[in-house]
Amino acid sequence: MTSAAWAEIAAFPTPDLRTVFDDDAGRLDRMTMAVGPIRFDWSKTHLTPEVTGAFLKLAEEKDFTIRRDALFAGALVNNTEGRAAEHTAERGEGAADSVARARTFHNRMRALIDAIEADALGPIRHILHVGIGGSALGPDLIVDALGRDSDRYDVAIVSNVDGCALEEAIKDFDPAATILAVASKTFTTTETMLNATSAINWMTESGVEDPYGRVIALTAAPDKAIEWGVDETRILPFSESVGGRYSLWSSIGFPAALGLGWDAFESLLEGAAAMDRHFRLSAPEANAPLIAAFVDQYYARVMKCQTRAVFAYDERLRLLPSYLQQLEMESNGKSVTAQGEPVDGPTAAITWGGVGTDAQHAVFQLLHQGTHIVPVEFIAAREPGHTLDLAHHQVLLTNCFAQGAALMQGRPNPDDPARAYPGGRPSTTILLDDVTPEVLGALIAFYEHRTFANAVLMGINPFDQFGVELGKEIAKSIDQKGPSGFDPSTMALIELALGVSAA
Ligand code: F6P
């Protein structure tokens, strides 16, 4: 944090949140912004006009607009891997040739979906999708959020290599009416390939004649899928320049596109494209993902908050926190800059969270009275996702807003410290018009761009993830060669649990 702008940001006194609205009638207007169907409210954060002004200087120092334009132009922004990061092209926003290629791939996916809907693979009722990380979290979030009322297909998304996950998923599936979507950008990921093989075995053992004829491969490595036994006509490719955790818009979104219907998938892409345009075209001071990144940076680097919490006050969005964990922590959990120098401050906060109101009865004690300051993000929708008594939605939303107010205002108790609420604790509220494909697309794209904006402000590359490799490598070597050369604790665990001793 050596730059002039950082020095300026850090020099401002931390405002007392309990009084930020006093004598500042314009604060609410200044600190809220609507982007289409999503309203952002940062007025309960520590951001002041002065701090925002200094952050705008930081954005300029870090070439924010140049880097943003490079992202959309398909430049090699993932410099450590020599790749572009072209998830926006999947939504129609990006370099012309990449957009055209994405469209071709989408057309291919649509044609296969039409064929499946016309029973070309037999009468299908169940979609079994195996994948992990970015090849599972996005589709899982979309299908869970939007597929609640859908009676088109039963969709199961299996990621964990623990056989309990697959066993549970298939227990009510008829193998003769199931298609198996194998989702893996690389088509080499151990967990996915083992789950895929076990799913094939389940079909074979149940008498399905041509189980490989039921496999759809969703991958950027079609050759590997062919080698594995998938027919070329059932491979839905996507571009190598689409990162795993940014891939739900590509063929990785297949279970959502088939499970919810093509129109819904297209609306999801359109919602994301609208947010892309907002991010690409808005000036920095009116740019929602960038302002949100200012807030993130303020808490991570100035107030030294090690975590940030996301609470979805909407059951439909219950998987959002785990989706964001991968997006934010795999992207920005780095210790070196894009140039390989040590970073000049803390990077990604640890993202955690849950669903409201459940979380209020579990973890909010710490948020209100604990020693950690945790910036909280509340997400709620104006429209309920159910047809029950509206009292449910009213109680849900009033609880959401009450928590933000309580965190900010607190309540002193000079007579009894155990019953005192310090207040001054920050929160952001994101209010959605509804949870529809368009809105969800825009919301996820907002988070993607916010993650990118954070990376730009910190000077890091958010598009690689070398940190996940070492553990995978070691596990593979134990599986292949047996354990050797490990510390006594690891050797003892392997021997005790697996009955395998030193090679
Ligand atoms: O282990 C990390 C990771 O590479 C993620 O980035 C990715 O989303 C996941 O594994 C799955 O990879 P693949 O799609 O190649 O199976």
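Select Gly261 first: with 19 other C-beta atoms within 10 Å, Gly261 is partly exposed. The cut-off for a buried residue is 20 or more such atoms. The model on screen is a predicted one. Gly261 sits in the loop between α10 (254-260) and α11 (262-281).

Two distances can be drawn from here. Draw one to Asp314: the two residues are 53 apart in sequence, and their C-alpha atoms are 23 Å apart in space. Draw the other to Asp119: here the separation along the chain is 142 residues, and the C-alpha atoms are separated by 15 Å.

**Asp119 and Asp23**

Stay on Asp119. It is found in the loop between α5 (96-117) and β3 (126-130). Is Asp119 buried or exposed? Asp119 has 9 C-beta neighbours inside 10 Å, so it counts as exposed; the limit for that class is 12 or fewer. Now look at the backbone. Most residues other than glycine have a negative phi. Asp119 is not a glycine, yet its phi is positive, about 65°.

Next select Asp23, in the loop between α1 (4-11) and α2 (27-30). What is the phi of Asp23? It is positive, about 55°, although Asp23 is not a glycine. Asp23 has 7 other C-beta atoms within 10 Å and is therefore exposed.

**Helices α1 and α3**

From the loop that holds Asp23, go back to α1 and add helix α3 (residues 49-61) to the selection. Two packed helices are described by the angle between their axes and the distance between the axes. The axes of α1 and α3 come within 8 Å and cross at roughly 165°. That is why α1 is roughly antiparallel to α3; the class takes angles over 145 degrees. The crossing in which α1 passes α3 is left-handed.

Show the side chains where they meet. On α1, pick Ala5, Trp6, Glu8 and Ile9; on α3, the partners are Val51, Ala54, Phe55, Lys57, Leu58 and Glu61. Colour this contact by class to find seven nonpolar, no polar and three charged residues.

**Met33**

Val51 of α3 leads to the next stop. Measure from the C-alpha atom of Val51 to that of Met33: the two are 18 residues apart along the chain and separated by 18 Å. Met33 belongs to strand β1 (residues 32-35). Met33 has 18 C-beta neighbours inside 10 Å, so it counts as partly exposed. Which residues does Met33 touch, not counting those up to four places away in sequence? They are Phe40 and Ala288.

**Helices α6, α13 and α16**

Select helix α6 (residues 137-146) together with helix α13 (residues 320-332). Their axes come within 9 Å, crossing at roughly 160°. The two helices are therefore roughly antiparallel to each other. The crossing of α6 past α13 is left-handed. On the α6 side the contact is made by Leu137, Gly138 and Leu141; on the α13 side, by Leu320, Ser322, Tyr323 and Gln326. Sorted by class, the contact has four nonpolar, three polar and no charged residues.

Keep α13 and replace α6 with helix α16 (residues 437-458). These axes come within 10 Å and cross at roughly 20°. So α13 is roughly parallel to α16, a class for angles under 35 degrees. What is the hand of the crossing of α13 and α16? It is right-handed. Leu324, Leu327, Glu328, Ser331 and Asn332 of α13 meet Tyr447, Glu448, Thr451, Asn454 and Ala455 of α16. Here the classes give four nonpolar, four polar and two charged residues.

**The peptide bond before Thr357**

Move to Thr357, in the loop between β9 (350-355) and α14 (364-369). Most peptide bonds are trans. The bond that joins Gly356 and Thr357 is cis, with omega about 10°.

**The ligand**

End at the ligand. How many residues surround the ligand? There are 14, and the closest are Gly133, Gly134, Ser184, Thr189 and Gly244. Coloured by class, the shell around the ligand has two nonpolar, nine polar and three charged residues.

Methods: Residues are numbered from 1 along each chain as its sequence is written. This is a predicted model: local features need pLDDT of at least 70, side-chain atom pairs count only at pLDDT 80 or more; totals for chains, interfaces and linings use all residues. Axes are lines fitted to C-alpha atoms, for helices over the stretch in contact, and angles run from 0 to 180 degrees between N-to-C directions. Helices (H or I, at least four residues) and strands (E, at least two) are DSSP runs, numbered from the N terminus. Angles under 35 degrees count as roughly parallel, over 145 as roughly antiparallel, 65 to 115 as roughly perpendicular and the rest as oblique. A crossing is left-handed if the near helix is turned anticlockwise from the far one by less than a right angle, and right-handed if clockwise. Two residues are in contact if their C-beta atoms, placed from the backbone, lie within 7 Å. Ala, Val, Leu, Ile, Met, Phe, Trp, Tyr, Cys and Pro count as nonpolar, Asp, Glu, Lys and Arg as charged, and the others, Gly among them, as polar. A residue is near a molecule or strand if its C-beta atom, placed from the backbone, lies within 6 Å of it.
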